[in-house]
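Colleague: I would like to go through this model slowly, one place at a time. Please explain each term when it first comes up.

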Amino acid sequence: MSAQAAAVHGGGEYASTGIPNGKLGVWLFLASEIMLFATLFTTYVVLRISAPSWPRGWEELNVPLGALNTLVLITSSVTMVLAYAKAQARDKAGFYRYIGLTLALSFVFLIIKSFEYKAKFDRGHFPSTNIFFAIYFTLTGLHALHVIGGIVFNSGLALWGRRHWDHPLFAGRVECAGLYWHFVDIVWIFLFPALYLL
Amino acid sequence: MNSNAHASRHEASFWSRYVFSLDHKVIGLQYLFTSMFFLLSGFGMIMLLRWQLAFPGHPVPLVGGLISRLLPADWAPGGVLTPQFYNQLGAMHGTIMVFLGIVPLGVGAFGNYILPLQIGAPDMAFPRLNMMSYWLYLPGGLLMLASFLLPGGAAQSGWTSYVPLSIINPGQTVWLLAMVIIITSSLLGAVNFITTTLNMRAPGMTLGRMPVFVWSELVTAVLLLLAFPPLEAASILQLMDRVAGTSFYLPTGLVVAGQALKASGGGQPILWQHLFWFLAHPEVYVLILPAMGVVAEIIANGTRKPLFGYKEIVGSMIFIGGMSFVVWAHHMFLSGMTPALGNFFLVTTMIISVPSVAVLTCLIWSLKGGSIRFTTPMLFALAFLPLFGIGGLTGLPLGLTVTDIYLHDTYYVIGHFHYVVVTGTIIALMGGTYYWFPKWFGKRLNDFWGKVHFWGTVACMNGVFFPMFIQGLAGVQRRLYDPTAQLHNLTTQPMNVVSSFSAWLLFLFQIPFLVNIFYTIFKGERCEENPWEATTLEWACASPPPHGNFDKPPRVHRGPYEYSAPGARKDWIAQNAPEAA
């Protein structure tokens with residue numbers, strides 16, 4: 001099978017730039033994601049500057065839970081890196097241990113988040129309440145959707161790896177999943193101070 | 001493994017071959033026919049709307065009985081359009097033409113089919129993603145079209161969907177949902193195009209040897225990648241305003257129909273305008289850049305000489321791409337923005353006109369001393385030059401704050417951007433269809449009917465859009481349901497009649513085009529492999545190319561436009577021809 005034919009069927013990689021297709025594609029996708037969240041942050045800044053008054057984040061939101069969630073996400077980024085290291089080192093058991101931990105931590109994040117949402121709803125705080133909660137629910141909701149997307153992708157990768165552990169692109173795909181997961185983490189690192197602490 | 005073995009491997013299923021195909025060529029043709037369908041439906045809407053403009057209050061002939069019976073009773077009673085239905089037609093015409101017609105045609109169809117061939121790639125970098133782009137675009141588009149069937153009808157706040165009107169009007173929720181789907185499709189496509197162009201080039205295909213069309217698609221993809229997410233975010237916020245009761249765009253104390261609106265308030269209506277135009281100005285270049293690329297290919301081939309100023313054209317395109325992110329607010333001079341900001345956007349707008357003029361100048365200069373072959377595609381490419389010129393130059397008074405105060409929201413604006421997009425982009429893409437049809441189907445479109453189509457189309461397009469400049473200068477506002485309601489509009493009312501008759505005639509002149517396409521596909525005779533004697537790589541493989549495109553990976557030895565090289569045996573040397581040609 002020629003290199004051309006191999007590339008058609010995903011068996012090989014074409015790379016004029018030296019960067020594999022998948023990695024380049026993920027970086028480009030992340031560039032568009034940065035534009036998406038940058039727009040939302042800009043919206044937040046514009047609305048806040050023009051508002052006559054703005055509630056203090058720590059008075060309305062649960063800072064300890066938010067801080068805990070920050071810790072959970074950062075830890076999940078670390079386990080994701082370790083999963084990639086194990087995939088590179090061809091350590092199958094190690095890889096599944098760390099990707100499993102990453103997935104577990106992602107679920108912990110979502111569970112904590114849902115408790116926070118529940119508490120807000122119980123106190124009668126909805127997106128329609130005021131512009132602060134509109135921003136809070138939209139930004140954290142969109143971020144949570146990204147977390148769910150990460151869970152879907154990471155668990156799909158874990159399932160795929162059971163049969164295709166020896167696939168030449170496997171470690172590369174774990175790296176791509178990791179890039180995305182770090183991005184989701186970084187968005188939260190911006191969200192937490194912007195919404196909870198300022 | 002040779003290409004025949006590939007073909008046989010994929011012969012198994014009709015579904016995987018024609019419907020859920022991973023092959024960039026099949027996906028390109030899917031985009032081609034789907035976007036043609038959307039273009040025709042958007043055209044149909046405006047033909048209906050133009051009856052109301054030419055003969056306000058009269059029942060629509062021919063289809064009037066049909067629409068009054070098919071549509072809800074209060075949309076077109078007795079075949080006369082109501083304001084509500086008129087607004088739906090206007091909003092949906094703009095949306096469909098821009099997002100479902102021209103972008104998918106210029107990028108999805110032409111880019112998908114031609115770009116991988118021109119760089120010598122076996123396929124796109126991500127074939128599955130490519131298929132997903134199409135299968136998001138089609139349902140998103142159908143959802144948009146189907147919004148006419150909803151109670152209350154389709155979106156009716158213009159294609160710009162300005163808030164707070166759009167949040168109050170019916171139909172907008174589906175518009176937003178469909179937009180989010182279409183934007184996602186475009187984003188996947190953009191990632192794929194950039195990765196393919198950067199990574200999948202054949203050996204020897206350096207960036208400086210890439211055809212202008214590939215460059216134009218690359219810049220376009222970068223614009224799509226970075227400009228569409230802000231509109232996606234803005235659409236999500238508007239969706240939240242409609243569905244979740246938030247007030248991102250609703251100011252405090254908004255009064256609608258004499259009653260205070262029940263919303264928390266605190267939002268900013270002008271925010272939507274900023275976010276919308278942050279996309280929609282780069283979008284203008286998304287519409288025009290691929291067209292410039294197509295014209296450059298045809299002109300180099302039709303003049304039989306290297307393109308004048310290849311580097312200048314490519315550099316200008318890249319510069320246009322960068323600048324297009326800092327001109328958006330020239331659409332908003334009258335929105336209450338601070339005048340200091342207006343000055344900034346005035347200056348950037350004047351700057352961005354320079355590279356566009358540079359590209360056009362290079363293309364015109366390329367004609368000098370050429371032995372021009374007046375083929376059908378060449379006629380379209382030649383017509384593009386002055387017509388796009390009119391479109392571009394009429395934009396300058398709109399970019400200057402002082403003149404824009406008068407011209408803003410008049411028919412002059414409509415005339416301007418239709419000259420850019422219709423007589424510019426659509427003319428170029430029609431030329432591209434004649435040029436690459438032998439590549440797509442191995443058959444050439446009929447030349448006589450092509451020329452009938454060309455002359456009729458060019459004459460009618462000018463008939464439609466030139467009167468709009470006169471109307472606009474006379475002060476006729478756009479989006480008016482009844483143009484005769486205001487006294488000052490009556491003097492130019494005959495212009496509306498000219499414009500409308502030209503539009504209906506324009507439709508008639510598309511019939512030979514469509515018949516030509518389908519007749520040639522089914523009954524046409526096979527033509528030679530490289531009928532235009534072109535140099536670029538897409539002609540170095542069979543027509544239509546087999547799965548995997550090239551029998552063996554092509555090796556590129558020279559730049560894209562080696563025509564009439566001194567001392568050469570024939571007047572063209574293919575990019576993949578070895579040194580001693």
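**A loop, its neighbours and the helices around them**

Colleague: Where in chain B is the place of B:Ile372?

Modeller: This is a predicted model, in which local features need pLDDT of at least 70, side-chain atom pairs count only at pLDDT 80 or more, and totals for chains, interfaces and linings use all residues. Residues are numbered from 1 along each chain as its sequence is written, while chains are lettered from A and ligands numbered from 1 in the order in which they are written. Helices (DSSP runs of H or I, at least four residues) and strands (runs of E, at least two) are numbered from the N terminus. On that numbering, B:Ile372 belongs to the loop between helix 12 (339-366) and helix 13 (376-393) of chain B.

Colleague: Is B:Ile372 buried or exposed?

Modeller: A residue is buried if 20 or more other C-beta atoms, placed from the backbone, lie within 10 Å of its own, exposed if 12 or fewer do, and partly exposed in between. Because B:Ile372 has 14 other C-beta atoms within 10 Å, it counts as partly exposed.

Colleague: With which residues is B:Ile372 in contact, leaving aside its neighbours within four places in sequence?

Modeller: Contact here means that the C-beta atoms of two residues, placed from the backbone, lie within 7 Å. B:Ala300 is 72 residues from B:Ile372 in sequence, and their C-alpha atoms are 9.6 Å apart in space. The contacts of B:Ile372 beyond four places in sequence are B:Gly302, B:Thr303, B:Leu367 and B:Met378.

Colleague: How are helix 12 and helix 13 of chain B placed relative to each other?

Modeller: Two packed helices are described by the angle between their axes and the distance between the axes. Axes are lines fitted to C-alpha atoms, for helices over the stretch in contact, and angles between N-to-C directions run from 0 to 180 degrees. Helix 12 and helix 13 of chain B have axes 11 Å apart and an angle of about 165°. Angles under 35 degrees count as roughly parallel, 65 to 115 as roughly perpendicular, over 145 as roughly antiparallel and the rest as oblique, and helix 12 and helix 13 of chain B are therefore roughly antiparallel.

Colleague: How do the residues of the contact of helix 12 with helix 13 of chain B divide by class?

Modeller: Helix 12 of chain B brings B:Ser353, B:Ser356, B:Leu360, B:Leu363 and B:Ile364, and helix 13 of chain B brings B:Leu385, B:Phe388, B:Gly389 and B:Gly392. Ala, Val, Leu, Ile, Met, Phe, Trp, Tyr, Cys and Pro count as nonpolar, Asp, Glu, Lys and Arg as charged, and the others, Gly among them, as polar. The contact of helix 12 with helix 13 of chain B therefore divides into 5 nonpolar, 4 polar and no charged residues.

Colleague: Is B:Phe345 buried or exposed?

Modeller: B:Phe345 sits in helix 12 of chain B and, beyond four places in sequence, is in contact with B:Val327, B:Ala329 and B:His330. Since 22 other C-beta atoms lie within 10 Å of its own, B:Phe345 is buried.

Colleague: Which helix of chain B gives the most to the largest nonpolar core?

Modeller: A nonpolar core is a set of buried Ala, Val, Leu, Ile, Met, Phe, Trp, Tyr and Cys residues joined through C-beta atoms within 7 Å. The largest one has 220 residues, and those with the most contacts inside it are B:Leu225, B:Val295, B:Ala296 and B:Phe380. The greatest share, 21 residues, comes from helix 9 (residues 212-243) of chain B.

Colleague: Which helix gives the most to the side of chain A that touches chain B?

Modeller: Chain A has 7 helices and 0 strands, and its contact with chain B takes 35 residues from chain A and 38 residues from chain B. The elements giving two or more residues to that side of chain A are helix 1 (3-8), helix 2 (21-50) and helix 6 (131-163). By class, this side of chain A has 21 nonpolar, 14 polar and no charged residues. The most, 15 residues, come from chain A's helix 2.

Colleague: How are helix 4 and helix 5 of chain A placed relative to each other?

Modeller: Helix 4 (residues 63-88) and helix 5 (residues 92-122) of chain A pack with their axes 8 Å apart, at an angle of about 165°. That angle makes helix 4 of chain A, relative to helix 5 of chain A, roughly antiparallel.
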